[in-house]
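User: Hi! Could you walk me through this one? I'm new to looking at structures.
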Amino acid sequence: MANLTTDFIGIKSPNPFWLASAPPTDKEYNVRRAFEAGWGGVVWKTLGSEGPPVVNVNGPRYGAIWGADRRLLGLNNIELITDRPLEVNLREIKSVKRDYKDRAMIVSLMVPCDEESWKAILAHVEETEADGVELNFGCPHGMAERGMGSAVGQVPEYIEMVTRWVKQHSRMPCIVKLTPNISDIRKPAEAAKRGGADAVSLINTINSITSVNLDSFSPEPMIDGKGTHGGYCGPAVKPIALNMVAEIARSRETHGLPISGIGGVTTWRDAAEFMALGAGNVQVCTAAMTYGFKIVQEMISGLSQYLDDKGMTSTADLVGRAVPNVTDWQYLNLNYVTKAQIDQDACIKCGRCYAACEDTSHQAIAMLPGRMFEVMDDECVACNLCVNVCPVENCITMVEMPKGAVDPRTGDAVGDYANWTTHPNNPSVQAAE
Amino acid sequence: MTNSPLTPGIVPSRLPADRIARHFADHTPPLDGHEALVAADRCYFCHDAPCVTACPTSIDIPLFIRQIATGTAESAATTIWTQNILGGMCARVCPTETLCEEVCVREVAEGKPVEIGRLQRFATDTAMARGLHPFVRAASTGKSVAVVGAGPAGLACAHRLAMHGHEVVVYERRAKAGGLNEYGIASYKSTGDFARREVDWLLQIGGITVKTGVELGRDVTLDGLLASHDAVFLGIGLGGVNSLRAPGEDKAGVADAVDFIAELRQTADLTTLPVGRDVVVIGGGMTAVDAAVQSKLLGAENVTIVYRRGQEKMSASGYEQDHATSAGVRIICNAAPVAVHGNGAVREVEFGYMADTPAGLQPTGETFRLKADQVFKAIGQTLTGAPEGATLEGGKIAALPARVWAGGDCTGGGEDLTVTAVAQGRDAAEDIHNVLMGVAG
Ligand SMILES: Cc1cc2nc3c(=O)[nH]c(=O)nc-3n(C[C@H](O)[C@H](O)[C@H](O)COP(=O)(O)O)c2cc1C
Ligand code: SF4
Ligand code: SF4
């Protein structure tokens, strides 16, 4: 059985599955039950400064989009940081950590952008014996308007400054949580690194409006006839999060900076993908909010089985395995030629591949008598659309043409590796000649 | 071919070999990988799921289905086996339509439950095909336990005891282990010698010795077992069969349905197994249905189930009844046998119609006769061979001397299902373990 024990910036946990800072980690009752269910760690729901807590709306705070069978694909929220008194949260954090020494306990923080506020809260957190802090520079609504959250996270200089204060006033490991509401995720990551962060975590939620009520003409979730943009998360954001994680993992400036991967992790497979792209562990919010804490059991069993099947003995063997294979478009091999192939035994004859290719791609699938669908290699550009629209997994696959074989579409023999940078159609190649 | 469904008497080979082979192939074919994903995707991962409550072994169904959906059927099998070590057989024989699938929220919502049984089979078959047995024995405790009866209860008990590090000896009176899984299940529900393969797989845990051909009361006694073991578990099932109490019952051609089913299961070439042209099965449970359907599948021309009460009282589920009628079996209700007629061998059975009155079943006075050259009795099994010291209640073991436990059909409470026997054997093993190790229970 593979060992799922994870050491993330010196913080040990029995598995790499942490609950992200959010409602699942907002109080002792939840966190104890989460630990009993098997979660390896939690990032406590973001704490603010001393004084009267923030207030939340008293109407709906979530909106959603659904797939077939009303499966929740994306969730958005207009919730703020914890609305419970600071001292209550601190007391509970201390009490839970005392009883679960083997689990990771990280405290998420968001206080005004001045050194005194940060210094004050760090002293309180140290007393709880939590394992580390996470700086919430990501919350896109409510707090940003008050100069916190993503208002800080969108300005690399602020990130660097606050991170430096935190490292100066505390011995605790410090994770900087990044907002995706920015055009180049590497910039805030670099700033966090310069400020001395031990790790970054990403992504926080994405600015969004999930739907519009066509009777009341207000965005959802609707509060008294009005709505506001909220933070988007859940399975739908995973591709965005994966890309951002990969960008940081492969960038020269931030390569090697530990990453806690967040955004749409729903199954063990999602977690493994984040880890292969360089995340040392993952954090989960929406999946737990959709299915309850028990899903961690499938994540644990699934990841162990996968590691065993791959002959890997620990999660460290997996972390970063895919990073060297993330590259820029211009380095992709233009002499890698594939053709779609339909497995006639697996085909259920729905015809979706035909409609997709005929109407919107390259007219490369023939519909033969008896609803038999066949790829015409002399037309197929290998776009993969048929593979993606086929409801039967592995029914249509991409088959690589061997070197030297003649591609019936172009009439050219498949050659050696060659990419855009040397391609004759590339204007800059001609210019150099 | 020499015989046909019309050949009089009890004869073999009424149908060509290929038809018999087709008739006895997998009744519910296994799901392939794609079908399993589609089926798994329908599960809502309910909280405190009703299906789990309905499963006598409390398998964590939403979890194992999620594990299938995420491409780890092997982990799903571990989830199943942790609760039910005979999960492979239960996936085939459980009347899911009256257990987990009956209460699935999607059955309630749409009349089409998640196919829990077939998914369970997919997971366990996948893991067994890979030769996985995800359990190891704890360090030896030095304690030894005798398990009497290698049926579902005994096997489940033995496996759990072995896991806890006890040494287990299983005593089985028949030639093979498996109990009703081996001898009592309709052939088309357990093809490919699955019962034997599952027993072999289960024994991989180690620490279990199976002694076949040993019968309690004949070859060993309870006192003798208690002298050589620290504890005894009785999973002896129900060895006897109720009689019709109608004159003529001893005529040739009248047999016990359970014996017919057992013989059928042990016959390698079913074209050699004789069956009547006109078969009458008396009873209303799953044994009656299994005997009737299999007679029909062997090529009997007319097969009739006769049950003394109304159809709604039959213990065979609606699904089983439909299965019988769609195989061509006729079901007559509210009629009880009055006499078996014939000169040496049975030729007709006479029935009287019954009225279910507040004062009990009463004959209406009207009778009818059914042609029959073979009659199967399926009106319930009885406990035989209960050891001295056991207290019986309602014909089942209710109390036992110290250091003796029991489970399965020989005890009350269950509905005589494989899955309840497994639950009882497993729970008895935990109890035995706690007592032997001095853990306060
Ligand atoms: C209702 C809700 C409240 C959240 N509150 C916080 C918060 O207080 N602090 C924080 O850092 N992130 C917060 N998040 C963001 C999550 O921690 C996480 O980054 C995001 O949901 C993406 O992960 P997921 O796709 O697994 O949900 C919140 C998310 C939700 C849905
Ligand atoms: S989830 Fe609970 S708190 Fe939220 S609306 Fe439903 S009942 Fe109310
Ligand atoms: S009741 Fe049905 S949908 Fe709900 S968990 Fe059980 S199998 Fe899944």
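Analyst: Happy to! Keep in mind that this is a predicted model. A good place to begin is ligand 1, which has 22 residues around it. The closest are A:Ser21, A:Thr46, A:Lys177, A:Gly264 and A:Thr286.

User: Nice. What is the make-up of the shell around ligand 1: how many nonpolar, polar and charged residues?
Analyst: That shell has nine nonpolar residues, ten polar ones and three charged ones.

User: Which atom of A:Thr286 lies 2.5 Å from an oxygen atom of ligand 1?
Analyst: A polar atom in the side chain of A:Thr286. With A:Ser21, a backbone N or O atom lies 2.7 Å from an oxygen atom of the ligand. A:Gly234 also uses its backbone, with a polar atom there 2.9 Å from an oxygen atom of ligand 1.

User: And how much of ligand 1 does the protein cover?
Analyst: On its own, ligand 1 has 610 Å² of accessible area, and the protein covers 99% of that.

User: Wow. What about cavities, how many turn up in the whole structure?
Analyst: Seven, counting those of 30 Å³ or more. The largest has a volume of about 410 Å³. It is lined by 31 residues, and those closest to its centre are A:Ser21, A:Ala22, A:Asn204, A:Thr205 and A:Cys285.

User: What takes up the space of the largest cavity?
Analyst: Ligand 1 does.

User: Switching topic: which domains does chain B have?
Analyst: The domain assignment lists domain 1 (17–21 + 241–377), domain 2 (42–129) and domain 3 (144–237 + 383–436). In chain B, the centres of domain 1 and domain 2, taken over C-alpha atoms, are 33 Å apart.

Methods:
Residues numbered from 1 in each chain as written. Chains lettered and ligands numbered in written order. Predicted model: local features only at pLDDT ≥ 70, side-chain atom pairs only at ≥ 80, totals over all residues. Heavy atoms only, no water. Domains from an automatic or database assignment. Near = heavy atom within 4 Å. Polar contact = N/O pair within 3.5 Å; in protein donor to acceptor, adjacent residues only side chain to side chain. Areas by Shrake-Rupley, 256 points an atom, 1.4 Å probe, with all protein chains shown as cover. 1 Å grid on protein atoms, 1.4 Å probe; cavity = no way out; pocket = protein on both sides within 12 Å on 5 of 7 lines; lining within 4 Å. Sits in = over half its atoms within 2 Å of the grid points. Nonpolar A, V, L, I, M, F, W, Y, C, P; charged D, E, K, R; others polar. Points joined across faces, edges and corners; volume = space filled by probe spheres on them.
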